[in-house]
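Let's take a walk through this fold together, one piece at a time. Have the viewer open and turn the picture around as you read.

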Amino acid sequence: MASALATPLKSSPILDKSEWVKGQSLRQPSVSFVRCHPTSPSAFTVRASSYADELVKTAKTIASPGRGILAMDESNATCGKRLASIGLENTEANRQAYRTLLVSAPGLGEYISGAILFEETLYQSTIDGKKMVDVLVEQKIVPGIKVDKGLVPLPGSNNESWCQGLDGLSSRAAAYYQQGARFAKWRTVVSIPNGPSALAVKEAAWGLARYAAISQDSGLVPIVEPEILLDGEHGIDRTFEVAQKVWAEVFFYLAENNVMFEGILLKPSMVTPGAECKDKATPQQVADYTLKLLHRRIPPAVPGVMFLSGGQSEVEATLNLNAMNQSPNPWHISFSYARALQNTCLKTWGGRPENVKAAQDTLLVRAKANSLAQLGKYTGEGESEEAKKGMFVKGYVY
């Protein structure tokens, strides 16, 4: 694929830490084209973004040994559901307090390489008045941004969804870069009980590819997230079959849109049985199926595969990740967890200032456990009962 093999012809200088956030002037991304001699039978066109070198460096920084992503990009509505679970009102002050707790956990950067933020958080300050982005960068955590506009019904499908947000994405991505974001996230979903229909799979793949191309042109490493929902009674073989089709379509359209594979990160679901399936899978089975799928579908040029947890318990997500890292892989196999990092932390906090340190300690315990799992060294010893509770919610809406 030309995009994956291209040598960047024009690249921007790598920004130092201070430029990450402040960005004195917003560079206008450009596109360069090279064409072989017109008489050559193998003439081809190569696209090289002005951000190529920086994209590769950012992706490799996030995909660094023993580290993964903290997904804290819940929309205000979803964040409200989380706060309601501990009896807190959904106000900006409460959201700010919780997000401050997360980003300021001492030593978090030892285990976390990137944090996905909601737009409000990207522009928000902590309760102490420091920019959230600055606090993350001081922890050597790369700030990221959720850029999709959520799921809406897909007309003509079997009660399926498509992800909106491409309109105006280029200008929004440029503004996010100026604010300090260096990677982006776009989540789309596929439902096995609803088919999935060929229309829904194609729409998901095409939307991810267009988003990825636009993000790279704006200097943001795109996290490509084709989530195959846990909903359903199907077995692990059916999940594998559907995932093969979805991932094939996604990488076909990424190539069609000249996306540079070295400058993306993949955020897929693990291959598991449906949440309501009677036959449960062991961590070794999940690892075997998932790694087989990766080897069949994912180019080794992709630097990192950062798995979502999708409703698994905190311990289950960590055990499955650990099983995948028991032998060398061509990719950095890691995590991009939301609830599987935050659940016990949130309950420990309970909205009380005196519990902040205990909640941060809990977050660090989970982050360290997943760091060890990325290195294949997690044992599962000493885990709390809370961390073992499943978090699957049928028909869960973000």
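A residue is called buried here if its relative accessible area is under 20%. Keep that cut-off in mind, and remember too that this is a predicted model.

Start with the barrel. Eight strands close up in the order β3-β4-β5-β8-β9-β10-β11-β12, and their pairing is parallel. For a look at one seam, pick β8 (residues 183–190) and β9 (residues 221–228): these two run parallel and are joined by eight bridges. If you find arginine 187, its bridge partner over in β9 is glutamate 225.

Now hop to helix α13, residues 339–349. It lies across β3 (68–72), β4 (112–117) and β12 (332–337), and its angle to β3 is about 60°. Is this helix mostly covered or mostly uncovered? Mostly covered: of its eleven residues, nine are buried. Using the cut-off from above, the buried ones are Arg339, Ala340, Leu341, Gln342, Asn343, Thr344, Cys345, Leu346 and Trp349. Right after α13 comes glycine 350, with a positive phi near 60°.

Trp349 also leads us inside. The largest nonpolar core has 111 residues, and Trp349 is among those with the most contacts inside it, along with Leu108, Tyr211, Phe251, Leu254 and Leu294. Helix α10 (residues 236–256) gives this core the most, with eleven residues. In soluble globular proteins, nonpolar side chains tend to be buried together.

Finish by zooming in on leucine 254. Setting aside its neighbours within four places in sequence, leucine 254 touches Leu208, Ala209, Ala212, Val224, Val259, Phe261 and Ile264.

Key. Residues are numbered from 1 along each chain as its sequence is written. This is a predicted model: local features need pLDDT of at least 70, side-chain atom pairs count only at pLDDT 80 or more; totals for chains, interfaces and linings use all residues. Side-chain values use heavy atoms; hydrogens and water are left out. Two strands pair if DSSP finds at least two bridges between them. Helices (H or I, at least four residues) and strands (E, at least two) are DSSP runs, numbered from the N terminus. Contact means heavy atoms within 4.5 Å. Axes are lines fitted to C-alpha atoms, for helices over the stretch in contact, and angles run from 0 to 180 degrees between N-to-C directions. Buried means under 20% relative accessible area, exposed over 50%, partly exposed in between (1.4 Å probe, protein chains only). A nonpolar core is a set of buried Ala, Val, Leu, Ile, Met, Phe, Trp, Tyr and Cys residues joined through side-chain atoms within 4.5 Å.
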